[in-house]
Amino acid sequence: MRIRPLGDRVVIKRIEAEETTKSGIVLPGTAKEKPQEAEVMAVGPGGVVDGKEIKMEVKVGDKVLFSKYAGTEVKMDGEEYTILRQDDILAIVE
Amino acid sequence: MRIRPLGDRVVIKRIEAEETTKSGIVLPGTAKEKPQEAEVMAVGPGGVVDGKEIKMEVKVGDKVLFSKYAGTEVKMDGEEYTILRQDDILAIVE
Amino acid sequence: MRIRPLGDRVVIKRIEAEETTKSGIVLPGTAKEKPQEAEVMAVGPGGVVDGKEIKMEVKVGDKVLFSKYAGTEVKMDGEEYTILRQDDILAIVE
Amino acid sequence: MRIRPLGDRVVIKRIEAEETTKSGIVLPGTAKEKPQEAEVMAVGPGGVVDGKEIKMEVKVGDKVLFSKYAGTEVKMDGEEYTILRQDDILAIVE
Amino acid sequence: MRIRPLGDRVVIKRIEAEETTKSGIVLPGTAKEKPQEAEVMAVGPGGVVDGKEIKMEVKVGDKVLFSKYAGTEVKMDGEEYTILRQDDILAIVE
Amino acid sequence: MRIRPLGDRVVIKRIEAEETTKSGIVLPGTAKEKPQEAEVMAVGPGGVVDGKEIKMEVKVGDKVLFSKYAGTEVKMDGEEYTILRQDDILAIVE
Amino acid sequence: MRIRPLGDRVVIKRIEAEETTKSGIVLPGTAKEKPQEAEVMAVGPGGVVDGKEIKMEVKVGDKVLFSKYAGTEVKMDGEEYTILRQDDILAIVE
């Protein structure tokens with residue numbers, strides 16, 4: 001990946017999933033609300049951020065859930081990414 | 001459970017309860033206001049969060065009360081969960 | 001009581017009092033503005049809350065005054081309670 | 001006094017004063033804007049409040065000036081009091 | 001002066017000045033915008049305020065400039081004063 | 001200069017510059033948007049400000065860039081100045 | 001460069017790129033939304049900023065991504081720059 005995030009920031013790429021609703025109708029990716037699942041593409045070095053020692057807990061390739069309104073969207077080489085702070089990542093999906 | 005929360009975060013699942021009002025009418029789950037009772041499904045490791053040492057006080061299986069507007073709702077495998085910080089859990093119901 | 005509050009939280013139950021106005025008219029509980037007096041039903045363990053050591057000053061059975069807009073209302077077994085932080089309790093009524 | 005404030009809180013009672021305007025017209029208490037002068041009725045113990053050591057500087061009987069919008073108004077035994085933090089008291093009137 | 005400010009607070013009295021505009025027109029005090037110059041009437045003792053040691057830098061009689069929207073206006077004996085924190089005083093006019 | 005700023009405050013005077021636009025039209029000072037360049041007229045002593053040690057980095061005569069909405073404007077002897085905190089100065093122009 | 005930023009501030013210059021959309025249409029710089037990529041033109045010395053030790057991680061010539069709404073725009077010698085804090089730089093583009 002060409003982006004190297006600073007501090008406690010993480011670059012993620014949303015996973016657009018097809019989903020079958022309870023009633024059995026398949027909703028293709030674009031017809032649903034913005035997905036909150038993403039894959040980690042790059043992880044900052046952590047260290048002292050805003051006066052506090054931050055240890056990075058996620059790694060490249062992790063599937064994560066994140067706050068829908070967190071971070072900043074950037075476009076690189078025609079692809080959309082979100083750059084957010086590790087603290088805006090809610091959980092790792094296993 | 002497939003979700004592993006980070007830091008002081010907790011994954012809960014709302015308990016939708018049937019309730020008998022004082023006048024004796026039974027309100028099924030969907031007709032009532034959003035319930036605030038939930039079961040703990042997964043608990044983060046705690047540790048240093050935002051520069052402060054956090055000790056996790058709740059454990060998987062606990063019934064808890066939480067602030068109705070706290071946390072983020074996520075959908076996994078057709079089920080709805082809420083991921084919130086332990087501090088948004090008000091009390092354990094025994 | 002079945003609710004065990006976490007950290008510096010306190011469970012209180014409002015005291016709905018009849019009151020005689022200066023002009024001598026009795027206002028029954030429901031006709032008045034929301035009362036601010038309450039009885040303490042359960043007290044959290046205190047300890048380190050948000051990085052600060054909190055010592056609990058109120059105990060079960062205390063009559064207290066609290067900020068009208070503080071805390072979260074919960075319904076348990078048909079009764080209404082308020083769960084708030086000890087810091088939102090203004091004074092003990094003796 | 002029956003109210004015992006917690007922490008750095010102070011119970012005050014507004015002094016409603018008659019005042020003669022420069023033009024010589026007497027404005028009775030109720031016709032003026034809310035007075036900002038008050039008498040201290042009860043003083044909390046101070047101590048560690050929100051992680052900081054607070055020493056109480058006012059005492060019962062002091063006449064004080066306070067921020068008009070500070071604190072919470074409570075009614076006890078038909079009398080109106082304001083409970084505020086000592087930091088919302090601007091000055092002592094001698 | 002009858003007002004003794006608490007902590008890092010300062011009592012000031014605005015100086016209403018007549019001013020000659022560039023075009024030579026004299027604007028009497030009341031026709032101009034609220035003046036920002038004032039004289040210090042009383043100074044609090046300083047000390048630990050909000051967990052920080054504050055040393056008072058102004059003294060009674062100093063002419064000061066202050067933020068127009070800072071502080072609280074009080075009326076004492078028919079005179080208007082402003083009580084503000086020393087930090088809202090911008091500069092001393094020599 | 002007659003103004004002695006307190007703490008980490010700095011007194012600056014805007015530099016109203018004539019500017020030639022790319023198309024070659026000269027915009028006199030008053031027709032442009034508020035300039036952000038200024039000259040430092042007076043510098044406070046620094047020291048402990050709001051609990052933090054501040055070292056002053058600018059000196060009288062420096063040309064600086066500042067946040068357009070920062071600080072407070074004051075008029076002294078018919079001249080307009082801005083008093084702001086050193087932290088609102090973005091850069092020194094050399 | 002003639003601008004020397006203070007503290008943890010960084011001067012950047014936006015890179016206006018031509019871009020080919022997926023459908024193959026070329027959007028010249030001015031027709032697109034504000035670009036978020038920039039080149040670092042000058043870097044402040046870091047040091048203690050707002051009570052916290054800041055180490056500068058970017059250097060002159062780095063290509064960076066930044067929050068679109070961060071910082072202050074300044075015009076110098078007919079060129080537009082943005083001055084922002086290092087913390088508003090999201091990532092370095094390699």
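This talk covers one sheet and two chain interfaces in a predicted model.

Let's start with the sheet. Seven strands form an open sheet, and the pairing is antiparallel. Read the order with me: β1(A)-β11(G)-β8(G)-β5(G)-β2(G)-β10(G)-β9(G). Note the chain letters. β1 comes from chain A, and it sits beside β11 of chain G.

Which strands stand at the edges? They are β1 (3-5) of chain A and β9 (72-76) of chain G. Each has a single partner strand, so one side of each is left without a neighbour in the sheet. From one strand to the next, the twist averages 40°.

Now look inside the sheet, in chain G. Strand β2 (residues 9-14) of chain G and strand β5 (residues 37-43) of chain G run antiparallel, joined by 5 bridges. For one spot to find on screen, take Val10(G): it stands opposite Val43(G) in β5(G).

As background, strands of a sheet pair through backbone hydrogen bonds.

Next, chains B and C. Here 15 residues of chain B are in contact with 16 residues of chain C. The buried area is about 1,500 Å², and carbon and sulfur atoms give 53% of that. Who loses the most area on the chain B side? Leu90(B), Ile92(B) and Glu94(B), together 37% of what that side buries.

Glu94(B) also forms a salt bridge with Arg4(C), with the closest N and O atoms 2.4 Å apart. The count for this pair of chains is 2 salt bridges. There are also 7 residue pairs in polar contact across the interface. Strand β11 (residues 89-93) of chain B gives the largest share of its chain's side, 5 residues. By class, that side has 7 nonpolar, 2 polar and 6 charged residues.

Strands meet here too. β11(B) pairs with strand β1 (residues 3-5) of chain C, antiparallel, over 3 bridges. Ile92(B) stands opposite Arg4(C) in that pairing.

Last stop: chains C and D. Chain C puts 15 residues in contact with 16 residues of chain D. They bury about 1,500 Å² between them, 53% of it on carbon and sulfur atoms. In chain C, Leu90(C), Ile92(C) and Glu94(C) lose the most area to chain D.

How many salt bridges are there between chain C and chain D? The count is 2. In one of them, Arg4(D) meets Glu94(C) at 2.4 Å, N to O. β11(C) and strand β1 (residues 3-5) of chain D pair antiparallel over 3 bridges. There, Ala91(C) has Pro5(D) as its bridge partner.

Conventions
Residues numbered from 1 in each chain as written. Chains lettered and ligands numbered in written order. Predicted model: local features only at pLDDT ≥ 70, side-chain atom pairs only at ≥ 80, totals over all residues. Heavy atoms only, no water. Pairing = 2+ DSSP bridges. Helix = DSSP H or I, 4+ residues; strand = E, 2+ residues; numbered from the N terminus. Axes fitted to C-alpha atoms, helices over the stretch in contact; angles between N-to-C directions. Contact = heavy atoms within 4.5 Å. Buried area = accessible area lost by both parts, 1.4 Å probe. Salt bridge = Lys/Arg side-chain N within 4 Å of Asp/Glu carboxyl O. Polar contact = N/O pair within 3.5 Å; in protein donor to acceptor, adjacent residues only side chain to side chain. Nonpolar A, V, L, I, M, F, W, Y, C, P; charged D, E, K, R; others polar.
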